[in-house]
Amino acid sequence: MNRLCQLLERYLKDDLNKEEKLLFESHMVKCAHCRKEVELLREVDEYLNAIPKVKVPDNFSNIVLEKIHQHKKVVAGWYLYGAFAFLSFVAALFAIAAVGVNSFVNNFVFLGKSLYNFASSVLTAVVTLSGSLYNALTPGKVNGIVLTMAFVIIFLVFLKSIKLFSSVER
Amino acid sequence: MNKKVVSIVLTIVLFLFSYNSFAKESTKLFVFPAHTVKIDKPVKGDVLVVGKDVEVLSTVEGNVSVIGGSIVVEGDVKGNCVSIGGGIYLNKGKVGGDSVTIGELFGKNRLYLLLLNSFFWMITIGFGFYFYGDNIKENAFEFADDFIRLFFFGFYSLIALSILSLISFALIKVGIGFILFVFVFLIVFAIYIFSILTLFYFFGDFIGRMLKLSFPDSFKMILGLIVYQSLKFVPLFGFIAFIILLSASFGATIYSRFGTFKSWFGLPRFWGE
């Protein structure tokens with residue numbers, strides 16, 4: 001590589017004095033490598049200039065830092081709850097060890113049974129209550145459809161009122 | 001797919017699911033009656049009582065349900081007996097279906113209920129205030145800023161949502177109600193939790209301002225929880241105050257869209273833009 005090739009970078013930046021510039025240009029005629037390099041770098045430069053420039057707000061870095069902070073906070077929160085869950089899991093293991101596996105399983109089965117009983121009684125209650133309420137609300141014949149229509153209409157009116165209320169000028 | 005086609009198909013499905021053939025049955029409804037309800041004549045359909053006890057002296061062909069009361073069966077009930085917040089007592093009577101009591105234990109032990117409730121709210125404060133602290137603060141400010149207008153709007157939305165949940169609950173019998181009820185329940189639950197957290201922050205902040213002390217935010221929330229729980233011990237006034245505050249807080253939550261102040265359904269907010 002010629003010593004003149006080292007002027008390439010400064011040539012592109014337009015940082016050479018007159019003599020150096022002439023010297024480099026005459027060098028470029030002979031040196032194919034420099035010619036190619038200059039062409040390539042000029043193309044890159046043009047491409048970069050063609051990208052539209054975005055104006056960043058003054059407090060851009062602050063906004064970015066704030067977002068990073070928020071994200072970190074959320075992640076830390078999940079870690080915190082994860083640690084809490086892990087600790088409770090370990091505590092549960094210790095509790096099982098203390099009580100004995102046999103008695104734990106028995107208790108678990110008992111808990112399952114009572115949960116099942118509770119769920120089935122809730123289901124009975126829901127079905128019975130909803131049936132009674134349904135019959136109370138629908139004395140006519142086209143009942144179900146009328147009730148559904150009433151639901152849809154009230155829901156739509158409610159949505160419309162939210163929409164209007166939350167966009168009122170004060 | 002086309003939006004119009006989808007909505008038409010959905011509507012047809014909705015109505016198909018809501019069709020039924022139980023038109024002949026009827027319910028005897030008693031809402032907050034003055035005295036204990038006595039069924040001394042045979043009833044063909046169901047009996048539903050809200051807010052008082054019921055004594056069944058005769059035959060009931062359908063189910064007997066009570067919300068906030070007990071059932072005394074001296075006659076014959078062919079269907080189920082359901083009591084929420086009370087007991088079922090068989091006094092020489094007979095029940096053909098299942099007997100279910102829910103919440104009997106809670107109704108008697110007030111302290112237990114209070115502790116359970118406080119535990120629930122502590123966990124909710126932990127989650128809610130950690131992730132949505134700023135939104136709750138914004139909402140609390142909005143709540144205090146425009147109380148009366150938000151109260152009216154919140155009261156209106158409370159009534160609308162109650163009617164919606166009632167209708168969807170009744171529609172569970174025809175199937176479609178289950179989806180509608182879950183849908184309404186989730187909406188109400190989200191707004192309710194956010195509104196109560198807003199109230200907590202407001203109470204805590206208010207006390208801090210009165211005492212001219214600056215508390216940390218989490219302490220404000222705990223203070224708010226204490227005020228909220230102590231409101232329950234004030235007869236009548238506590239309940240009315242709670243309804244008023246909850247309404248306004250509901251309004252604030254809907255108005256500020258959970259403290260974000262973004263627009264609902266893309267409609268522009270004119271102010272502040």
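## Reading a two-chain model

Mentor: Let's start where the chains meet: 50 residues of chain B are in contact with 36 residues of chain A. Being in contact means that the C-beta atoms of two residues, placed from the backbone, lie within 7 Å. On chain B's side of this meeting place, nine residues come from α4(B), the largest share. Keep in mind that this is a predicted model: local features need pLDDT of at least 70, side-chain atom pairs count only at pLDDT 80 or more, and totals for chains, interfaces and linings use all residues. Residues are numbered from 1 along each chain as its sequence is written, while chains are lettered from A and ligands numbered from 1 in the order in which they are written.

Trainee: How many nonpolar, polar and charged residues are on the side of chain B that touches chain A?

Mentor: Ala, Val, Leu, Ile, Met, Phe, Trp, Tyr, Cys and Pro count as nonpolar, Asp, Glu, Lys and Arg as charged, and the others, Gly among them, as polar. Here you get 32 nonpolar, 12 polar and six charged residues.

Trainee: And which residues touch the most other members of the largest nonpolar core?

Mentor: A nonpolar core is a set of buried Ala, Val, Leu, Ile, Met, Phe, Trp, Tyr and Cys residues joined through C-beta atoms within 7 Å. Buried means 20 or more other C-beta atoms within 10 Å of the residue's own, placed from the backbone. This core has 36 residues, and B:Val54, B:Val56, B:Val64, B:Ile71, B:Cys81 and B:Leu171 touch the most other members. Its largest share, five residues, belongs to helix α4 (residues 147-170) of chain B. Helices (H or I, at least four residues) and strands (E, at least two) are DSSP runs, numbered from the N terminus.

Trainee: What is B:Ile71 in contact with, leaving aside its neighbours within four places in sequence?

Mentor: Its contacts are B:Val54, B:Val56, B:Val64, B:Val66, B:Cys81, B:Ser83 and B:Ile88.

Trainee: In what order do the four strands of the open sheet run?

Mentor: Two strands pair if DSSP finds at least two bridges between them. In chain B the order is β2-β4-β7-β10, with parallel pairing. β2 (37-39) and β10 (88-90) of chain B are at the edges with a single partner strand each, so one side of each has no neighbour in the sheet.

Trainee: How many bridges join β2(B) to strand β4 of chain B?

Mentor: Three bridges, in the parallel sense, and β4 covers residues 54-56. Look for B:Val37, whose bridge partner in β4(B) is B:Val54.

How values were computed
Buried ≥ 20, exposed ≤ 12 C-beta atoms within 10 Å, placed from the backbone.
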